[in-house]
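This report introduces a protein chain to a reader who has not met it before. The sequence and the structure are shown first, and the description follows.

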Amino acid sequence: MKTIFGLFATYDDAEATTQALLDRGFSEDEMNAIVLEDVAKNEMDVNLEKITVEVSDELGQKRARGLYAMLASRRPFRLAGVGRVYAAGDVASVLATTASLPGTAGTGFQGALEEFGVPEDEAQE
């Protein structure tokens with residue numbers, strides 16, 4: 001299995017890439033995302049805490065897709081040196097959880113990414 005990491009300058013870029021992968025046959029279950037809480041709340045037009053209600057009431061029969069669906073029912077948590085984030089997907093959840101464990105303050109999220117195989121310069125960014 002190959003893992004590809006991407007860092008996006010804007011939420012819209014991340015959502016567009018997610019939609020492009022979905023259009024090419026990938027599923028949300030095959031993707032991972034870590035999004036700053038403030039970015040998610042400012043950029044998304046769906047209330048993550050009430051997405052199941054909004055899917056039926058606001059979106060009608062449309063199914064939530066992409067980052068909306070991936071972040072649904074997630075609760076943000078604090079990463080030292082990063083802030084509050086939502087983590088969706090198995091890999092993202094493990095990386096974020098590892099980075100938030102006591103005793104990881106020196107390496108934090110960057111260290112977790114590097115340990116997973118992300119090159120140092122990309123993990124730092």
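The account below moves from the whole chain to its sheet, then to a pair of helices, and finally to two single residues.

**Overall layout**

The structure is a predicted model. The chain holds seven helices and three strands. Read from the N terminus, its elements follow the order α-β-α-α-α-β-β-α-α-α. Of the 125 residues in the chain, 34% are buried. Among contacts between residues at least 6 apart in sequence, 54% join residues at least 24 apart.

**The sheet**

How are the three strands arranged? They form an open sheet in the order β1-β3-β2, and the pairing is antiparallel. β1 and β2 stand at the edges, each with a single partner strand, and so one side of each has no neighbour in the sheet. From one strand to the next, the twist averages 45°. In general, the strands of a sheet pair through backbone hydrogen bonds, in either a parallel or an antiparallel manner.

β1 and β3 are joined by four bridges in the antiparallel sense. On the other side, three bridges connect β2 with β3, which spans residues 83-88, and these two strands also run antiparallel. Individual pairs of residues facing each other across these strands are listed here.

| Residue | Residue opposite, in β3 |
|---|---|
| Ala33 | Ala88 |
| Phe77 | Val85 |
| Leu79 | Gly83 |

β2 and β3 form a hairpin with three residues between the strands, and in this hairpin Gly81 takes a positive phi near 80°. β3 is mostly covered, since five of its six residues are buried.

A helix also lies against these strands. α5 packs on the sheet and touches β1, β2 and β3, its direction making about 65° with that of β2.

**Helices α5 and α6**

α5 also meets another helix. The axes of α5 and α6 come within 8 Å of each other and cross at roughly 130°. This angle makes α5 oblique to α6. The crossing in which α5 passes α6 is right-handed. On the α5 side, the contact is made by Val91, Leu95, Ala96, Thr98 and Ala99, while α6 contributes Gly108, Phe109, Ala112, Leu113 and Phe116. Sorted by class, the contact between α5 and α6 has eight nonpolar residues, two polar residues and no charged residues.

Which residues of α6 are buried? In this helix, which covers residues 108-116, they are Gly108, Phe109, Gly111, Ala112 and Leu113. The elements that cover these buried residues include β1 (33-36), β2 (77-79), α5 (90-100) and α7 (120-124). Just after α6, Gly117 takes a positive phi of about 115°. As a general matter, an α-helix has 3.6 residues a turn, so residues three or four places apart point the same way.

**Two buried residues with distant partners**

The first example is Met70, which is found in helix α4 (residues 67-71). Is Met70 buried or exposed? Its relative accessible area is 7%, under the 20% limit, and Met70 therefore counts as buried. Leaving aside residues up to four places away in sequence, Met70 touches Thr18, Glu28, Met31, Asn32, Ala33 and Ala88. Two of these contacts lead back to the sheet, as Ala33 has Ala88 in β3 as its bridge partner. Met70 and Thr18 lie 52 residues apart along the chain, and their C-alpha atoms are separated by 9.9 Å.

The second example is Glu15, placed in helix α1 (residues 11-23). Glu15 is buried as well, with a relative accessible area of 12%. When residues up to four places away in sequence are not counted, Glu15 touches Arg65, Gly66, Leu67 and Tyr68. How far apart are the C-alpha atoms of Glu15 and Tyr68? They are separated by 8.7 Å, although the two residues are 53 residues apart along the chain.

How values were computed: Residues are numbered from 1 along each chain as its sequence is written. This is a predicted model: local features need pLDDT of at least 70, side-chain atom pairs count only at pLDDT 80 or more; totals for chains, interfaces and linings use all residues. Side-chain values use heavy atoms; hydrogens and water are left out. Buried means under 20% relative accessible area, exposed over 50%, partly exposed in between (1.4 Å probe, protein chains only). Contact means heavy atoms within 4.5 Å. Axes are lines fitted to C-alpha atoms, for helices over the stretch in contact, and angles run from 0 to 180 degrees between N-to-C directions. Angles under 35 degrees count as roughly parallel, over 145 as roughly antiparallel, 65 to 115 as roughly perpendicular and the rest as oblique. A crossing is left-handed if the near helix is turned anticlockwise from the far one by less than a right angle, and right-handed if clockwise. Ala, Val, Leu, Ile, Met, Phe, Trp, Tyr, Cys and Pro count as nonpolar, Asp, Glu, Lys and Arg as charged, and the others, Gly among them, as polar. Two strands pair if DSSP finds at least two bridges between them.
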